[in-house]
Amino acid sequence: MEIPVIDFSNLNGDKRGDTMALLHEACEKWGFFVIENHDIDIELMEKVKQLINTYYEENLKEMFYQSEIVKRLEKQQNMSDIDWESAFFIWHHPTSNINQIPNLSKDLCQTMDKYIAQLIQLAEKLSQLMSENLGLDKNHIKQVFSGSNKGPAVGTKVAKYPQCPHLDLVRGLREHTDAGGIILLLQDDQVPGLQFFKDGKWVEIPPSKNNAIFVNIGDQVEVMSNGLYKSIVHRVMPDKNGSRISIATFYNPNGDAIISPAPRLLYPTNFSFGDYLKLYGNTKFGEKGPRFESMKNIMTKNGH
């Protein structure tokens, strides 16, 4: 099963139409895809991964292997309520907590800030393309996510999924969908583990090559699109041979953002079949979409 790949370098030429169609299909039928040629500095991405790996080795690895998680696994106790991961969360916007996280070097903080500034630009561009594909104003997703003019909330879950001796007893991260909006993942280029559930089976997401960005859709985009775009169940499986890095940035609604399906994407409601037939008589051989829009306009004029 070949995961959709969206080449952003094709958005400015004669392949734009095909690329937009591929993006729409990926959001609608898959809920996840890969972005290539995203214009984020490759050396910066490599430095982020290198610094995070160093931080884990120096500050978190020993703590993890002394944790209750490891003790429970060694005793082969029930692990169904726990994840085999070492993780922390960095808030970037509207306020940052990066300087409050223990032992983060100045170099790591500055490098992460530079990376996130570029990633937010990619997230905003992607949100515009998705809005356009849904027939909405290109800034619709960003405006809704911004709430009371604070802008979307942006944060990053930094995780390591350490080597695991008992793969049959524990998940790296249990099955779930993401609560937020658009998730942009910088992941390991060697160690696998991420899986998405599609068409009744688990699809393995291979390690990212050439620092491609892996994207998946969260619950709020599914709601805003009235179910057209899908938030998909996924999980992380541990690996016995390697330790996997995952740097997942969430482009989310602000806490006070009010989420609802975009009105344009809703079906007309509370109309009589007789009124619909009157409209249908003059529009039978046209597209049904404009007919639905006309029905909504009629109901709005009638105070419904």
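**Group meeting: a walk through the predicted chain**

Let's start with charge. This chain carries 33 positive and 38 negative side chains. The centres of those two sets sit 5 Å apart. Keep in mind that this is a predicted model.

Now the overall picture. The chain has 304 residues, and 48% of them count as buried. Its C-alpha atoms fill a box of roughly 70 × 40 × 40 Å along the principal axes. The accessible surface is about 15700 Å². Carbon and sulfur atoms account for 49% of that surface.

Secondary structure next. We have 8 helices and 11 strands. Take the contacts between residues at least 6 apart in sequence: 79% of them join residues at least 24 apart.

On to the inside. Which residues touch the most other members of the largest nonpolar core? Met-112 and Tyr-115 do, in a core of 55 residues. Helix H4, residues 106-133, gives this core its largest share, with 11 residues. Apart from this core lies another one, of 19 residues. Phe-32, Val-34, Ile-232 and Val-236 are among its members.

Back to Tyr-115. Leave out residues up to four places away in sequence. Tyr-115 then touches Ile-40, Leu-44, Met-45, Val-48, Leu-186 and Ile-213.

Stay with helix H4 for a moment. Ser-131 lies there too. Is Ser-131 buried or exposed? Ser-131 counts as buried, because its relative accessibility is 0%, and the cut-off for buried is under 20%. Beyond its neighbours within four places, Ser-131 contacts Leu-136, Asp-137, Lys-138, His-140 and Ile-141.

Now a different helix. Leu-73 is in helix H3, residues 68-74. Leu-73 has 1% relative accessibility, so Leu-73 counts as buried. Again setting aside neighbours within four places, its contacts are Met-79, Trp-84, Cys-164, Pro-165, His-166, Leu-169 and Val-170. How far is Leu-73 from Gly-281, C-alpha to C-alpha? The separation is 68 Å, and the two residues are 208 apart along the chain.

Last, the annotation. The unreviewed UniProt entry marks residues 152-253 as "domain: Fe2OG dioxygenase". That label comes from the record. What does the model show for this span? The span is 44% strand and 6% helix. The C-alpha atoms at its two ends lie 5 Å apart.

To recap: a core of 55 residues, with Met-112 and Tyr-115 touching the most other members, and another core of 19 residues apart from it. Happy to pull up any of these residues on the screen.

Technical notes:
Residues numbered from 1 in each chain as written. Predicted model: local features only at pLDDT ≥ 70, side-chain atom pairs only at ≥ 80, totals over all residues. Heavy atoms only, no water. Core = buried A, V, L, I, M, F, W, Y, C linked by side-chain atoms within 4.5 Å. Buried < 20%, exposed > 50% of the residue type's maximum accessible area, 1.4 Å probe, protein only. Helix = DSSP H or I, 4+ residues; strand = E, 2+ residues; numbered from the N terminus. Contact = heavy atoms within 4.5 Å. UniProt positions renumbered as here; feature names shortened; annotations may be inferred. Areas by Shrake-Rupley, 256 points an atom, 1.4 Å probe, with all protein chains shown as cover. Lys, Arg positive; Asp, Glu negative; His and termini not counted. Charge placed at Lys NZ, Arg CZ, Asp CG, Glu CD.
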